[in-house]
Amino acid sequence: MFGIEVIILISSLRFRLEAENFSPISIYCEGSTCREMQKLGDFKLPHFFNYPPYFTLQPVRETREKQVQLWKELILDYCRTQKIFVIKLEEEFPLFSNSVIERTLSHEAREAFLSALAAEGRAEWLDKGHRSCLILWHRIQEWADIIVNFVKDNGFEDSVMTVEEIRFGIESRRTELHGIDRTILMRALKLLEQKGKLAIFKGTSTDDEGIKFSV
Amino acid sequence: MSNFFSKAEVTSSGRPVFLHNEVECHLLSGVDLEPEDHHHFTPLKSGILILTTHRLLWLHSSSATTPTSASAIPLAAISHIFSSRKSLKSVFHSPRIRFQVLVSPDGRVFDPGSGSGSSSGSGSRSVVVTAVIRGKGDSDGFLVKFWDSWRARAWESNETSGSGSGSGLASGSEAVTGTGGGLYSRDGSLRMVGVAGILRKEQQMWESTDKSLQDAFQDLNALMGKAKEMVMLAEKMRQKLLSGTSSQTSGANDEDMGSKEEMQDWLLSVGIISPVTKESAGALYHQQLSRQLADFVRTPLERAGGMINLIDAYCLFNRARGTELISPDDMLQACSLWEKFDVPVMLRKFDSGVMVIQNKSHSDDEVFARIKSLAAKPEALRNGVSPTDAAMSLGIAPAMAKEHLLTAESKGLLCRDISPDGFRFYINLFPEIDPLNIYFVKDYGICSTWIKAVSTSGFQNHAVIPL
């Protein structure tokens with residue numbers, strides 16, 4: 001029995017090099033000891049991710065409320081660790097399917113959970129048809145605070161930076177700002193502009209908008 | 001008052017218990033029974049008078065309470081029925097029916113069935129009883145049927161047939177032991193001796209059955225009279241079937257057994273000899289129907305595990321009635337009337353619109369406890385409970401099982417799982433999960449039980465790699 005596992009693991013490793021980032025791995029032990037839950041990439045899934053009713057929108061009010069709450073937490077956690085800022089409903093999203101129990105969230109269910117997040121201010125629909133959703137695992141205000149801290153920590157109080165530099169520059173690498181979604185960044189910057197903490201001005205091209213800080 | 005009349009038994013739904021072969025003929029409401037002389041019994045006011053082939057029954061009627069007993073006058077005790085006098089007075093009065101009842105020396109109605117009554121000789125005294133019909137019933141029709149029933153003397157044929165079969169057996173056994181030689185007995189009829197005798201007897205019985213069947217089917221009126229015989233025949237056949245299947249030692253082929261069981265079931269459904277009809281009950285049709293339905297539905301309820309679909313009950317009831325079928329509306333009305341009476345059954349409508357008849361003693365909580373324990377079994381934790389699984393384990397119909405599962409879901413005991421595999425229910429784990437601490441699993445809760453059950457299924461759950 002053990003030999004087969006080794007063969008499978010080896011071939012899986014080989015396959016994984018070519019496969020996408022998020023193939024589910026399971027680490028299992030012999031006998032009746034509990035196996036570890038599977039992961040999506042490096043994200044650890046909770047045990048109820050394998051509970052089939054979790055993937056069916058529950059009709060009973062109390063049960064539904066609990067289910068929605070758990071999904072909201074899970075979505076925010078996953079997006080935070082994987083740095084995902086936008087979820088498109090019609091595309092495959094690894095969190096919304098579980099191949100182990102062969103269940104997938106229906107479109108209705110996905111919309112219900114994301115709308116619940118939007119109602120809380122933790123997400124925003126980007127279009128009226130609810131096809132694309134912006135995930136705010138930090139609220140705009142929180143992002144604004146992070147930017148202010150970033151500026152203060154690096155001594156950029158009176159200097160100028162481009163938007164792209166904020167997103168991908170060397171300085172931002174150790175912060176949460178690295179790789180931030182452009183829409184979210186612009187919103188946070190606009191919020192700070194209203195408070196007078198900075199000024200946005202257009203550069204030679206749209207990619208090159210500049211920020212003058214006056215924190 | 002109760003000392004004068006014979007006591008008649010009543011079912012828990014308020015219908016009188018009929019004697020063997022007794023058939024209901026007519027029913028009148030709002031009837032008072034008055035004696036000519038008040039010291040015989042105090043007048044009975046405002047009751048339901050039921051005429052049957054054997055007795056005259058009086059039930060105290062009030063739609064709120066169910067009568068627990070009834071008073072009876074055996075038709076055998078009636079010596080004379082007076083014809084109605086049409087006079088000027090009778091136009092203004094409620095119609096009256098007067099009849100003369102024989103009374104035994106101790107002041108009770110002469111009861112030909114009981115030994116004490118007959119031993120003291122036929123009652124020498126008689127009392128004239130008047131039935132005053134204050135209700136809306138057809139008193140003339142009642143009177144005609146009263147005469148007919150009284151003259152038909154159905155109770156006597158009962159006795160003679162009973163004793164007749166007894167004496168027949170006795171003579172048969174005598175013949176077998178042999179009281180003398182010769183093929184012909186003293187009175188000239190063919191003697192039943194030995195194997196030939198048995199065969200001849202069988203032959204005779206078969207011929208008489210055949211003739212009886214022929215007579216029955218030639219004339220519908222005759223059929224009604226023969227109906228009793230038909231039911232008796234059906235009973236006999238059923239007995240034969242039962243004894244036949246139990247005494248079979250060698251393996252009978254399955255087809256034979258199957259058709260015998262079919263026959264048995266079909267015969268069992270022929271149950272009610274005297275259906276309550278619009279004719280015999282008049283304005284009280286729905287009330288009496290309702291009570292009769294309550295009585296009838298008891299056996300199917302037990303067989304179905306305490307709850308039966310209204311449609312199924314309707315089919316069974318109509319089947320048992322044979323002729324005089326009732327419409328679905330009548331059925332629904334009869335069931336709704338149960339709320340007003342004190343009967344042990346009730347009509348219940350589920351959220352999904354399904355209507356069922358269930359015992360009043362049926363407890364939902366008990367069913368939920370059973371469902372909960374079913375859903376907590378390892379097999380159910382891994383694969384969930386489908387309506388068929390629940391039906392098999394609870395011993396009820398799948399449609400009923402689904403209703404129970406849905407109700408349990410609405411109470412928060414179960415969660416649904418809809419997939420291409422179908423509609424299944426799992427035990428509800430959500431209450432135990434803490435949204436602020438989603439990775440934590442309590443040691444002895446239902447979540448840890450579920451995790452253990454799911455993980456021991458081992459390999460087949462994993463899709464390790466898509467190769």
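## A charge over a ring

A charge is said to sit over a ring if NZ of Lys or CZ of Arg is within 6 Å of the ring centre and within 35 degrees of the ring normal. In this predicted model, Lys402(B) fits that description: its charged end sits over the ring of Phe423(B), 5.0 Å from the centre. Have a look at Arg98(B) as well, which lies over the face of Phe82(B) at 4.8 Å from the ring centre.

## Rings that pair up

Two paired rings are described by the distance of their centres and the angle of their planes. Over all chains, the count comes to 24 aromatic pairs. One of them joins Phe48(A) and Tyr54(A): this pair is edge-to-face, with 5.0 Å centre to centre and 75° between the planes. Both Phe48(A) and Tyr54(A) are buried.

Phe423(B) comes up again here, because it forms a tilted pair with Phe425(B), 5.3 Å centre to centre and with 40° between the planes. Are these partners buried or exposed? Phe423(B) has a relative accessible area of 27%, so it counts as partly exposed. Phe425(B) is at 0% relative accessibility and therefore counts as buried.

## Two helices that cross

Now turn to chain B, where the axes of helix 9 (residues 285-296) and helix 11 (residues 310-321) come within 11 Å and cross at roughly 105°. That makes helix 9 of chain B roughly perpendicular to helix 11 of chain B.

Which residues of helix 9 of chain B meet helix 11 of chain B? They are Leu289(B), Gln292(B), Leu293(B) and Phe296(B), and they meet Leu316(B), Phe317(B), Ala320(B) and Arg321(B). By class, this contact has six nonpolar, one polar and one charged residues.

Note on methods
Residues are numbered from 1 along each chain as its sequence is written. Chains are lettered from A and ligands numbered from 1 in the order in which they are written. This is a predicted model: local features need pLDDT of at least 70, side-chain atom pairs count only at pLDDT 80 or more; totals for chains, interfaces and linings use all residues. Side-chain values use heavy atoms; hydrogens and water are left out. Axes are lines fitted to C-alpha atoms, for helices over the stretch in contact, and angles run from 0 to 180 degrees between N-to-C directions. Helices (H or I, at least four residues) and strands (E, at least two) are DSSP runs, numbered from the N terminus. Angles under 35 degrees count as roughly parallel, over 145 as roughly antiparallel, 65 to 115 as roughly perpendicular and the rest as oblique. Contact means heavy atoms within 4.5 Å. Ala, Val, Leu, Ile, Met, Phe, Trp, Tyr, Cys and Pro count as nonpolar, Asp, Glu, Lys and Arg as charged, and the others, Gly among them, as polar. Rings of Phe, Tyr and Trp (its six-membered ring) pair if their centres lie within 6.5 Å; planes under 30 degrees apart count as stacked, over 60 as edge-to-face and the rest as tilted. Buried means under 20% relative accessible area, exposed over 50%, partly exposed in between (1.4 Å probe, protein chains only).
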